[in-house]
Amino acid sequence: MDITISARRCTVSQAVRDDVAARLTDAIGKIGGRAMRAEVEFTAGEGKGAGTLCEVTLRGKGPVVRGTGSADDKLIAFEAALDKLDIQLRKAADRRKSRRGLRTADMDLSALPAAPVPVEEAAPAVPVRTVAGLEVAGDGPLVVREKVFEATPLTLAQALDEMELVGHDFFLYVDATTRAPSVVYRRKAYDYGVIHLNVAP
């Protein structure tokens, strides 16, 4: 399995890299045996005592699975991210067992299409740049992160599984039946909500 370890606004020593790679290799059979690639990213928090955020992403033939953890120590943040991955996979398995009327009995997680891999474009090395349709001059306060995804049409049940696995409160997808842009989201009063867009010609 390919393991990539990166850092933002901080440095990761070789000893920590070796320890993370060894622990991830040991744990991968328990939390995601079908994973072909693992990405570990450490991000230093802004401000004094903000700690370190660790994000572990598993990619393979099935959906992307992601877990995050935060702590003052990088290895503790990494362990928290691994624990979150395990929780995400257990929740997805429980959803499949409960069958809330959104999927058939023979569907399983391995049958889902692979989640899209984001394509990020590097910002031009010029003082004035265009980000998400806006011109930004210098190091202005505007921070926009733009991503482009290849979309595969999904059913509502598949979109719910994808949302659970990445650990977000919403998931944007293309409905497999209507081909309409849609968003499934977590509600406070109820389980889930879904929004479909009817695109005018």
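Q: How exposed is Arg-23, in relative accessible area?
A: This is a predicted model, and in it Arg-23 is partly exposed, with a relative accessible area of 30%. That class sits between buried, which means under 20%, and exposed, which means over 50%. Asp-19 falls in the class too: its relative accessible area is 24%, so Asp-19 is also partly exposed.

Q: Which residue forms a salt bridge with Arg-23?
A: The general idea first: side chains of opposite charge can pair when their charged atoms come close. Here the partner of Arg-23 is Asp-19, and the closest N and O atoms are 3.1 Å apart. To be counted, a side-chain nitrogen of Lys or Arg has to be within 4 Å of a carboxyl oxygen of Asp or Glu.

Q: Where do Arg-23 and Asp-19 lie in the chain?
A: Both belong to helix α1, which covers residues 14-31. The two are four residues apart, so about one helical turn separates them. Look for a further member as well: Glu-79 is linked with Asp-19 and Arg-23 in a network of salt bridges.

Q: How many salt bridges are there by this rule?
A: The count comes to six. Another of these pairs is Glu-39 with Arg-37, where the closest N and O atoms are 2.5 Å apart. Glu-39 has 23% relative accessibility and counts as partly exposed, and Arg-37, at 31%, counts as partly exposed as well.

Q: What do Glu-55 and Arg-66 tie together?
A: Their side chains meet in a salt bridge at 3.7 Å, N to O. Glu-55 is in strand β3 (residues 52-60) and Arg-66 is in strand β4 (residues 65-71), so the pair ties together parts that are eleven residues apart in sequence. Notice the two levels of cover: Glu-55 is partly exposed at 27%, whereas Arg-66 is buried at 18%.

Q: What is the order of the four strands in the open sheet?
A: Read across the sheet, from one edge to the other. The order is β1-β2-β3-β4, and the pairing is mixed. The edge strands, β1 (2-8) and β4, each pair on one side only. From one strand to the next, the twist averages 15°.

Q: In which sense do β3 and β4 pair?
A: They pair in the antiparallel sense, over seven bridges. To find one position on screen, pick Leu-53: its bridge partner in β4 is Ser-70.

Q: What does Val-56 touch, leaving out residues up to four places away in sequence?
A: Val-56 is in strand β3 and is buried, with a relative accessible area of 0%. Among the residues it touches are Leu-24, Glu-39, Arg-66, Phe-78 and Leu-85. Ala-81 is another contact; it is 25 residues from Val-56 in sequence, yet the C-alpha to C-alpha separation is 6.2 Å.

Q: Which side chains of β7 are buried, and which are not?
A: In a regular strand the side chains alternate between the two faces of the sheet. Strand β7 (residues 170-174) shows this: Phe-171 and Tyr-173 point to one face and are buried, while Phe-170, Leu-172 and Val-174 point to the other and are not.

Q: How many residues stand between β7 and β8 in their hairpin?
A: There are six, and Arg-179 in the turn has a positive phi of about 60°. β7 and β8 (residues 181-186) pair in the antiparallel sense over five bridges, with Leu-172 opposite Val-183 in β8.

Q: What is the order of the open sheet of three strands?
A: The order is β7-β8-β9, with antiparallel pairing. β7 and β9 are the edge strands, each pairing on one side only. Neighbouring strands are turned by 20° against each other on average, direction ignored. β8 and β9 pair over five bridges, and Ser-182 stands opposite His-196 in β9.

Q: Which helix lies across β7, β8 and β9?
A: That is α3, which runs at about 55° to β8. α3 (residues 156-166) is mostly covered, with ten of its eleven residues buried, including Leu-160, Asp-161 and Met-163. Gly-167 follows α3 and has a positive phi, near 75°.

Q: Which residues form a nonpolar patch on the surface?
A: They are Ile-195, Leu-197 and Val-199, with about 290 Å² of accessible area together. To locate the patch, find Leu-197 in the segment after β9 (192-196).

Notes:
Residues are numbered from 1 along each chain as its sequence is written. This is a predicted model: local features need pLDDT of at least 70, side-chain atom pairs count only at pLDDT 80 or more; totals for chains, interfaces and linings use all residues. Side-chain values use heavy atoms; hydrogens and water are left out. Buried means under 20% relative accessible area, exposed over 50%, partly exposed in between (1.4 Å probe, protein chains only). Two strands pair if DSSP finds at least two bridges between them. Axes are lines fitted to C-alpha atoms, for helices over the stretch in contact, and angles run from 0 to 180 degrees between N-to-C directions. Patches are made of residues with over 30% relative accessible area and no salt bridge: like charges are joined within 9 Å, nonpolar side chains (Val, Leu, Ile, Met, Phe, Trp, Tyr) within 5 Å. Accessible areas come from the Shrake-Rupley method with a 1.4 Å probe; for residues, only the protein chains shown count as cover. Contact means heavy atoms within 4.5 Å.
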